[in-house]
Amino acid sequence: MKKSPINFNSPVILGVFFVSLIVLFLNNSTGGAANRMLACYRTSWSDPFMYLRMLTHVLPHQNMSHFAGNFLLFLAVGPIVEEKYGSANTAVMFAVTAAVTGLIYVVFFRGVMLIGASGLVFMLILLASFTNIREGRLPLTVLLVGLLYIGNEAINGIVRTDNISQLGHIIGGTCGAGFGFFFHGNKMRKG
C-alpha cells in the first residue's frame, strides 16, 4: 500500500487548528453564538461553564483575518515545539496557558470577553526559542525574542486602545518562558 504524501505531523497543533477552523465556521453560521459559548468572560463562580470557558477561549476567533493572523505563526512554530517537547506536554502547556490567561481575565477584567489563540502563539514563540539551549548557557536569541515580543506588547498595551489582548500575549509569552526554564533548568545550571 502506498503511503500518503501528506504527514499529519503535529496532532495537537493540527487538532487545535482544525477545531478552531470549525468554530469559526460555526460562529459565522450562528450569528456569533459559538464565540459567546466558548469565549472567556466572568459570569458567576458557581457557573461550571465559566471554568470550561477559561480553557476554550483559545478556539473562537472574531473573523478569518483574526484566525489567519494567529494560525500562521501557530502552524509555523507549533510543530517545532510539539516535536521537541512531545504531544502530551504540548497539550498540557496549552491547557495551563489558557487556564492562567482565562483566570486572570475572569478575576481582573470583569465585562471583558477573551477569544483567540494569540496567547498560545506567544507561548510557542518564547518556548521555541529555548530549543537550542546548551549546557549552562542561555541563548541570546531567547533574551531578544522575550524582549521584543513581550516588550512590544507592554508598550502597545499602554499606548493603544484596541480590542487586542496585549496582556493575553504577555501572559502567553511568560508561560512559554516559564515552560522553557522548567524543561531546560538542568541544562542551564550545569554550566
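At what angle do helix 3 and helix 5 pack, and how far apart are their axes? In this predicted model, the two helices pack at an angle of about 125 degrees, and their axes lie 7 Å apart. Angles that are neither under 35 degrees, nor over 145, nor from 65 to 115 count as oblique, so helix 3 is oblique to helix 5. The crossing of helix 3 past helix 5 is right-handed.

Let us see who meets whom here. Helix 3 brings M50, M54 and L55 to the contact, and helix 5 answers with A95, A98, A99, G102, L103 and V106. Sorted by class, this contact holds 8 nonpolar residues, 1 polar residue and no charged ones.

**Two more helix pairs**

Next come helix 1 and helix 4, the latter spanning residues 64–85. Their axes come within 9 Å and cross at roughly 170 degrees. Because angles over 145 degrees count as roughly antiparallel, helix 1 is roughly antiparallel to helix 4. On the helix 1 side, the contact is made by P11, V12, I13, L14, V16, F17, S20, L21 and L24. Helix 4 contributes M64, F67, F71, F74, L75, G78, P79 and E82. By class, the residues of this contact are 14 nonpolar, 2 polar and 1 charged.

Helix 4 also packs against helix 6, at an angle of about 45 degrees and with the axes 9 Å apart. That angle makes helix 4 oblique to helix 6, and their crossing is left-handed. From helix 4, the residues in contact are N70, L73, F74, V77, G78, V81 and Y85. Their partners in helix 6 are S118, L120, V121, L124, I125, L127 and A128. This contact has 11 nonpolar residues, 3 polar ones and no charged ones.

Here are the three pairs side by side.

| Helix pair | Angle | Axes |
|---|---|---|
| Helix 3 and helix 5 | about 125 degrees | 7 Å apart |
| Helix 1 and helix 4 | roughly 170 degrees | within 9 Å |
| Helix 4 and helix 6 | about 45 degrees | 9 Å apart |

**A pocket and a cavity**

Now for the spaces in the model. The second largest pocket holds about 160 Å³ of space. Its lining is made up of G15, V16, V19, L55, T56, V58, L59, F94, A95, A98 and L120. Helix 1 (11–29), helix 3 (48–56) and helix 5 (87–108) each give at least two residues to this lining. Some names are already familiar: L55 and A95 line the second largest pocket, and they also take part in the contact of helix 3 with helix 5. Which classes of residue make up the lining of the second largest pocket? There are 9 nonpolar residues and 2 polar ones, while charged residues are absent.

The model also has 1 cavity of 30 Å³ or more. About 70 Å³ of space lies in the largest cavity. Its lining has 13 residues, of which H57, T101, G116, S118 and G119 are nearest the centre. Helix 5 and helix 6 (118–128) each supply at least two of the lining residues. By class, the lining of the largest cavity divides into 5 nonpolar and 8 polar residues, with no charged ones. S118 belongs to this lining, and S118 also appears in the contact of helix 4 with helix 6.

How values were computed. Residues are numbered from 1 along each chain as its sequence is written. This is a predicted model: local features need pLDDT of at least 70, side-chain atom pairs count only at pLDDT 80 or more; totals for chains, interfaces and linings use all residues. Side-chain values use heavy atoms; hydrogens and water are left out. On a 1 Å grid over the protein atoms alone, a cavity is a set of points where a 1.4 Å probe fits but cannot get out, and a pocket is an open set with protein on both sides within 12 Å along at least five of seven lines; lining residues have an atom within 4 Å of a point. Grid points are joined across faces, edges and corners, and a volume is the space filled by probe spheres set on the points. Helices (H or I, at least four residues) and strands (E, at least two) are DSSP runs, numbered from the N terminus. Ala, Val, Leu, Ile, Met, Phe, Trp, Tyr, Cys and Pro count as nonpolar, Asp, Glu, Lys and Arg as charged, and the others, Gly among them, as polar. Axes are lines fitted to C-alpha atoms, for helices over the stretch in contact, and angles run from 0 to 180 degrees between N-to-C directions. A crossing is left-handed if the near helix is turned anticlockwise from the far one by less than a right angle, and right-handed if clockwise. Contact means heavy atoms within 4.5 Å.
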